[in-house]
Amino acid sequence: MSDDYEFARLPLASLRPGTTVLVTGSAHVGARNLGLQMLSGPPSEGAILISTNHRAGRIADDWARSGFELVEDRAAILDCVGDEETDVPAQVMPVSGPSDLTGIGMRYSDVYRTFTEAGVERVRTGLFSVSTLLSFGDLKTVSRFVHTLSGRIDAVDGIGVFYIDPGMHDDQTVSTVTQFCSARIDVRETETGQELRARGIPGQSREWIDFDVRTE
Amino acid sequence: MILCVDPDAAARERTVVALADAGFDVEHAGSLADARDVLADGASLDCLVTEYDLGDGTGLELAEDVRGHSPDAACVLFTTTSLDDVDTGTFGALVAEYVAKQGEDRGELLGLVEHALAFRSQTAYPLPDDEGARVAALEQYATDPAELGESLDRLTVIATELFDATAAAVGIIDAHSQEFLSCHGIAFEPMAREDTTCTYAILDADVTVVEDVWEDPRFADNEALDAAGVRFYASAPLVTPDDQAIGTFCIYDDEPRAFADRDRELLSMLGEEAMQQLTLRSRVSADGGDDDE
């Protein structure tokens, strides 16, 4: 379908609008980089990244290294850590902290509106990471937040890429968060490199496959 | 029901008309105190649409009350107040939607409310894939617990003895709460869905076992389970012939414990037996309905 969101340099089938994917794996095996690259669409699309544990400047650098060209009118970072930084080529919106889920959700809606008003209709949303939210709030509260955000993404025909490090949580927590997402990608490291395995993505193999994310 | 709260009477009227025209049942109020009076009347709320500055308090204070009253309610701040002037930090765990109120436009609000209610996307727990059909299926089984009591009571007595457990229960999960058709060794009042173990159990076609409730992040802070002295939980889903899980057959213990494969099989059988009782009762009452016509 022509409306699908594509992933140019990744071995991933395109995603139907409204899909939220949970990317799981530890940061050092490249799961976070995979997530950043999934957020990096063509110039006609916008992207909103909720950064819970890295300052806007740091995550903007990581994002740029994944091959994304940050431009203020189509990239926004909701920064739950630092103060507003002016040298980042994106709209940077401060949130009081990763425990202020109400503030994060409302800022998100507000930024999304500015995109729509600027004519950016297709938006990819990143949440990096659910793990940080869980270390500041209980599972029930984070569940409501993740459910509400994935519902919002579905309502506006965007896509969501939420990252969680399963090593930081027990199985029930990861499984509960997974249930709010329509698809899941697990990432692992092997002797030869990195592999991903997808669930819930039509047209995508359910086997482990090699992938390589650009980090330069 | 949707509660619409806005001190600006003209703006409120516009919002109420837009929501009512879309087919929603709408109540309205002009202040925090008036909105609290509506809540005190007891009717369950599906959605709150509120301004931020209510004169005698804020929309977020009200949203917090609404969640205490109707935990699944979608809350939407529909406001002219800039986000920079909204104190979200104090209400960080609330989680609500935000729509800027700009002039007479109600389109964005309406789209958001319709989606939030159709998909119930502000619940604090995951929903089965086909929740709408599940709740619809439930209607034909929602019979009077008193009428069913005896047959299910026998099963909960048997289960308690069979598994050497402290209690057993048969619960039905409707859109927002769990009601118990039979309890043995424990007395449960209806519980909000976000507080029950069974809310998670109906997502699984197999028997669910929580060996130690205190060690499970989904239930570790659950006051209702704690008050009832529940440490161990196991349940089999009650699945209709159309494959909808409408409730559970549960057993409880006051100590953490393991649950063998054979125990799982036996609990499944008890679940199937309870479901069969419910199915038979629904057929009998459907036939009775025909006779009356």
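This passage walks through the folds of chains A and B in a predicted model, from the overall build of chain B to cores, helix packing and a few single residues.

Chain B is a good place to start. Its secondary structure adds up to 9 helices and 11 strands, and its C-alpha trace spans about 65 × 55 × 30 Å along the principal axes. The chain has 293 residues, of which 54% are buried. Looking at contacts in chain B with a separation of 6 or more, 63% come from residues 24 or more positions apart.

Turning to chain A, the largest nonpolar core holds 39 residues. Those that touch the most other members are A:Val23, A:Leu34, A:Met38, A:Trp63, A:Ile77 and A:Ile185. Plenty of chain A elements feed into this core, with at least two residues each from strand 1 (20-24), helix 1, strand 2, helix 2, strand 3, strand 6 (159-164), strand 7 (183-189) and strand 8 (194-199). A separate core of 33 residues lies apart from this one, and its members include A:Ile104, A:Val142, A:Val174 and B:Val95.

Two helices of chain A that supply the 39-residue core can be followed residue by residue. Helix 1 is mostly covered, with 7 of its 8 residues buried. The buried set is A:Ala31, A:Arg32, A:Leu34, A:Gly35, A:Leu36, A:Gln37 and A:Met38; of these, A:Leu34 and A:Met38 have already come up among the core residues that touch the most other members. Just ahead of this helix, in the loop that links strand 1 to helix 1 of chain A, sits A:Ser26. With a relative accessibility of 19%, A:Ser26 counts as buried, because the cut-off is under 20%. Beyond its neighbours within four places in sequence, A:Ser26 is in contact with A:Ala31, A:Tyr163 and A:Asp165. A:Ala31 is itself one of the buried residues of helix 1.

Helix 2 of chain A covers residues 56-65, and its buried residues are A:Ala56, A:Gly57, A:Ile59, A:Ala60, A:Asp62 and A:Trp63. The cover over them includes helix 1 (31-38), strand 2 (46-51), strand 3 (75-79), strand 4 (91-94) and strand 5 (123-128) of chain A. A:Trp63 gives a residue-level view of these surroundings. Not counting residues up to four places away in sequence, A:Trp63 touches A:Leu36, A:Leu39, A:Ser40, A:Ala47, A:Leu49, A:Phe68, A:Leu70, A:Ala76 and A:Ile77. After helix 2 of chain A comes A:Gly67, which has a positive phi, near 105°.

Helix packing comes next. Two packed helices are described by the angle between their axes and the distance between the axes. Within chain B, helix 2 (residues 32-40) and helix 3 (residues 59-69) have axes that come within 11 Å and cross at roughly 5°, so helix 2 of chain B runs roughly parallel to helix 3 of chain B. Helix 2 of chain B brings B:Leu32, B:Ala35, B:Arg36 and B:Leu39 to the contact, while helix 3 of chain B brings B:Glu61, B:Leu62, B:Asp65, B:Val66 and B:His69. Sorted by class, these residues are 5 nonpolar, 1 polar and 3 charged.

Another helix pair bridges the two chains. Helix 5 (residues 139-155) of chain A packs on helix 4 (residues 107-119) of chain B at an angle of about 120°, and their axes are 10 Å apart. That angle makes helix 5 of chain A oblique to helix 4 of chain B, and the crossing of helix 5 of chain A and helix 4 of chain B is right-handed. The contact is built from A:Gly151, A:Arg152, A:Asp154 and A:Ala155 of helix 5 of chain A together with B:Glu108, B:Leu112 and B:His115 of helix 4 of chain B. Here the class split is 2 nonpolar, 2 polar and 3 charged.

Two loop residues of chain B round things off. B:Phe188, in the loop between strand 7 (177-184) and strand 8 (191-192) of chain B, is buried, with a relative accessible area of 12%. Leaving out neighbours within four places in sequence, B:Phe188 is in contact with B:Phe180, B:Cys183, B:Ala228, B:Val230 and B:Tyr252. B:Ala228 lies 40 residues from B:Phe188 along the chain, and their C-alpha atoms are separated by 8.2 Å. B:Gly23, in the loop between helix 1 (9-21) and strand 2 (26-29) of chain B, is exposed, with a relative accessible area of 62%. The C-alpha atom of B:Gly23 is separated by 18 Å from that of B:Ala73, 50 residues apart along the chain.

Terms used
Residues numbered from 1 in each chain as written. Chains lettered and ligands numbered in written order. Predicted model: local features only at pLDDT ≥ 70, side-chain atom pairs only at ≥ 80, totals over all residues. Heavy atoms only, no water. Buried < 20%, exposed > 50% of the residue type's maximum accessible area, 1.4 Å probe, protein only. Helix = DSSP H or I, 4+ residues; strand = E, 2+ residues; numbered from the N terminus. Contact = heavy atoms within 4.5 Å. Axes fitted to C-alpha atoms, helices over the stretch in contact; angles between N-to-C directions. Parallel < 35°, antiparallel > 145°, perpendicular 65-115°, else oblique. Nonpolar A, V, L, I, M, F, W, Y, C, P; charged D, E, K, R; others polar. Left-handed = near helix turned anticlockwise from the far one by under 90°. Core = buried A, V, L, I, M, F, W, Y, C linked by side-chain atoms within 4.5 Å.
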